[in-house]
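Visitor: Hi, I have just opened this one and would like some help finding my way around. Could we go through it together?

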Amino acid sequence: MTSSTALSLDTSQQPPAWMADLPYGSRETIQAIARLLGHASRERDNPASWAGRALGASRDELASADSRPTRTLLRVAGLILGNTMARHDDITIGGPGHGDPPMWAPFDAGGAEALSVPVRMVIHFPAGTLASVDACVSIFDDAFDQHLRVYTLRSEQGAGVEILQGLLDRAAGEDNPLRGRVLQAKLASNSLTFTPLPLPVDQREQLILPEAIWRELDLCVASMTHRRATLDRLGLGTTRGLLLVGQPGVGKTNLARVLAAELAGRFTVIFADAATVATDVLALYDELDHLGPAVVVLEDIDLVVGNRQQHARTRTLADFLAAVDGAKRRRDVLTVATTNNPRGIDPAAQRSARFDTILTLPAPDEAGRAAILGRYLDSIGLDLDVGRVARAVPDVTGADLREIVRRAVLEHGDSFTADDLHAVAASGRWKTRGNTGQYL
Ligand SMILES: Nc1ncnc2c1ncn2[C@@H]1O[C@H](COP(=O)(O)OP(=O)(O)O)[C@@H](O)[C@H]1O
Ligand SMILES: [Mg+2]
C-alpha cells in the first residue's frame, strides 16, 4: 500500500469548512499542495466548478455563455477585464484548470506603460463590478484553444449572454487600443500578434513621383473615405486592392508609408511581411473585422502569391484570394500590396476585383532625378545645380540617388559642390554590391 492511498481523501467531498474561511491566497496554496500530493479533487480543478463555488451555485444551477474570439480580440477583452479588476478590490481569480496557475501576458498597446492582461484564468466579478449581476469570466488562450466564457446563475442566463456580448463589443470598438494605430503583424511562436509602430513621418513632398500616381492613389483612398457612402448606395462596393509595382528602390514601401501616415487614426494600418502572409493570411484578415476600417500593406507579395504556372505554393494563393475576395465580403479594407515582379503573381490574383488599381512606379526621368537629388541635398542644407548629375546617371532609382548623396557625404562631409557630387555619381562607387536580384 502506498502512502498516497493511505492518506487518500474522498475526492468528491466539499473542502472542509475551516478552509472556506481562509483568505484567498492561503486557500489556493493548500489546494496547490494537495494537488501536488495527488489528493485534490478533479471536480475542483476546472473553471466551471470554481465559478460554481464563487457564485454559490451547484453545477445544475449554473449557466454559461461561450465565444471563440480571435486572438487579438481575446487580448483586448483581457485588457478590459484587467482594467475592471484594477478598479475593484473584491475580485478574485482562479487557475484555468489542470492545476495550472492563473496566467497573465504582456500586452503592447503602444503606450508608455507596459500592460499585463489576463490570458488563462477564471475571474469572479461580484455584482456591481463588471455588471449588475454576480458573474465569473473564464478567459483562455493557448496554442490549441481560445475562449471567453461567462458563468452566471441559471436564473440570470440572459444577463450572462449580455455580459459576454458587451465584452466582445467593447473589445471590437472604442476600447480597442489597437484601432486606428499603425501595427506590425508578426508571427510569434505560431500566433499572430500586432505590435504598434510609431506613426510614420513620411510625407508626400519627400517622395518624388509623377502627378498621375498621386491622383490614382487619391481615388483609391476616396473610395474608402468620402466616396464610401455613394459607392455603397450604388452597390459598387468599397473594398479596394491596390498593387504597387516597380523595380527595387523606386519608392513602393515609401509610398505605402506615406499612405499609412495620412490614414492612421481614421484607419488601422497593418504592415505584414512576406513570412506572415505566407503562413497565415486568413488569420490576418479575420482580425480586421474588429480593427476596421483598415489598410493592410502586404510587402513583396510575389514571394508569397506565386504564379500557378511557375509551380507556386498554390494553397497560399487560394488562402490569399479567399481572404481578399472570399465568400465573406469584407467591407472597409484596403489591401496595398507591393511587388518587384508582377509576372510572379497569378493572373487570378491580379483580376480587377482583387487588385482594382495596379500602379506602376516608374524609375525617375531626368527631371525626377534632379528633384530627388534636390530633396536629399535640401535635407543636408545644400542647394546645388544638379542638372548635370541627373543627366550623368540615366538608369537609376530613387534609392540609388539617395545612395549617391550619402556617398558624397561620406567622402566630403556635409559641404560639397555640384562637381564633387558629379564625380561621385560618375564613379559608380555608390552602387551597392549585389543589388541586381529581383527581390532586393
Ligand atoms: N521617388 C523617390 N523619391 C524620393 N526618395 C525615393 C524615391 N524612390 C525611392 N526613394 C528612397 O529610396 C529608399 C528605398 O525606397 P523603397 O520605398 O524602400 O523602395 P522599394 O520599396 O520600391 O524597393 C527610400 O529611403 C526612399 O525614400
Ligand atoms: Mg520595398
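Guide: What follows is a short talk about the cores and the ligand in this structure, which is a predicted model.

Visitor: Which residues have the most contacts inside the largest nonpolar core?

Guide: Those are Leu148, Leu284, Tyr285 and Leu298, in a core that has 63 residues. Helix α5, covering residues 71-87, gives the largest share of this core, namely eight residues.

Visitor: And where does this core lie with respect to domain 1 and domain 2?

Guide: It lies between them, because domain 1 (24-172) and domain 2 (195-360) both contribute residues to it. Another core, of 28 residues, lies apart from that one, and Leu207, Leu242, Leu244 and Phe271 are among its members.

Visitor: Switching to ligand 1, which residues come nearest?

Guide: Of the 17 residues around ligand 1, the nearest are Ile208, Gly249, Lys252, Thr253 and Asn254. For Gly249, a backbone N or O atom lies 2.8 Å from an oxygen atom of the ligand, while for Thr253 an N or O atom in the side chain is 2.8 Å from an oxygen atom of ligand 1. The side chain of Tyr376 also has an N or O atom 2.9 Å from an oxygen atom of ligand 1.

Visitor: How much of ligand 1 does the protein bury?

Guide: Taken alone, ligand 1 exposes 560 Å², and the protein buries 83% of that.

Visitor: Which domains and helices supply the shell around it?

Guide: Domain 2 (195-360) and domain 3 (366-427) each give at least three residues to the shell around ligand 1, and α9 (252-263), α13 (366-379) and α15 (398-412) each supply at least two.

How values were computed:
Residues are numbered from 1 along each chain as its sequence is written. Chains are lettered from A and ligands numbered from 1 in the order in which they are written. This is a predicted model: local features need pLDDT of at least 70, side-chain atom pairs count only at pLDDT 80 or more; totals for chains, interfaces and linings use all residues. Side-chain values use heavy atoms; hydrogens and water are left out. A nonpolar core is a set of buried Ala, Val, Leu, Ile, Met, Phe, Trp, Tyr and Cys residues joined through side-chain atoms within 4.5 Å. Buried means under 20% relative accessible area, exposed over 50%, partly exposed in between (1.4 Å probe, protein chains only). Helices (H or I, at least four residues) and strands (E, at least two) are DSSP runs, numbered from the N terminus. Domain bounds come from an automatic or database domain assignment. A residue is near a molecule or strand if one of its heavy atoms lies within 4 Å of it. A polar contact is a pair of N or O atoms within 3.5 Å; within protein, one must be able to donate a hydrogen and the other to accept it, and residues adjacent in sequence count only if both atoms are side-chain atoms. Accessible areas come from the Shrake-Rupley method with a 1.4 Å probe; for residues, only the protein chains shown count as cover.
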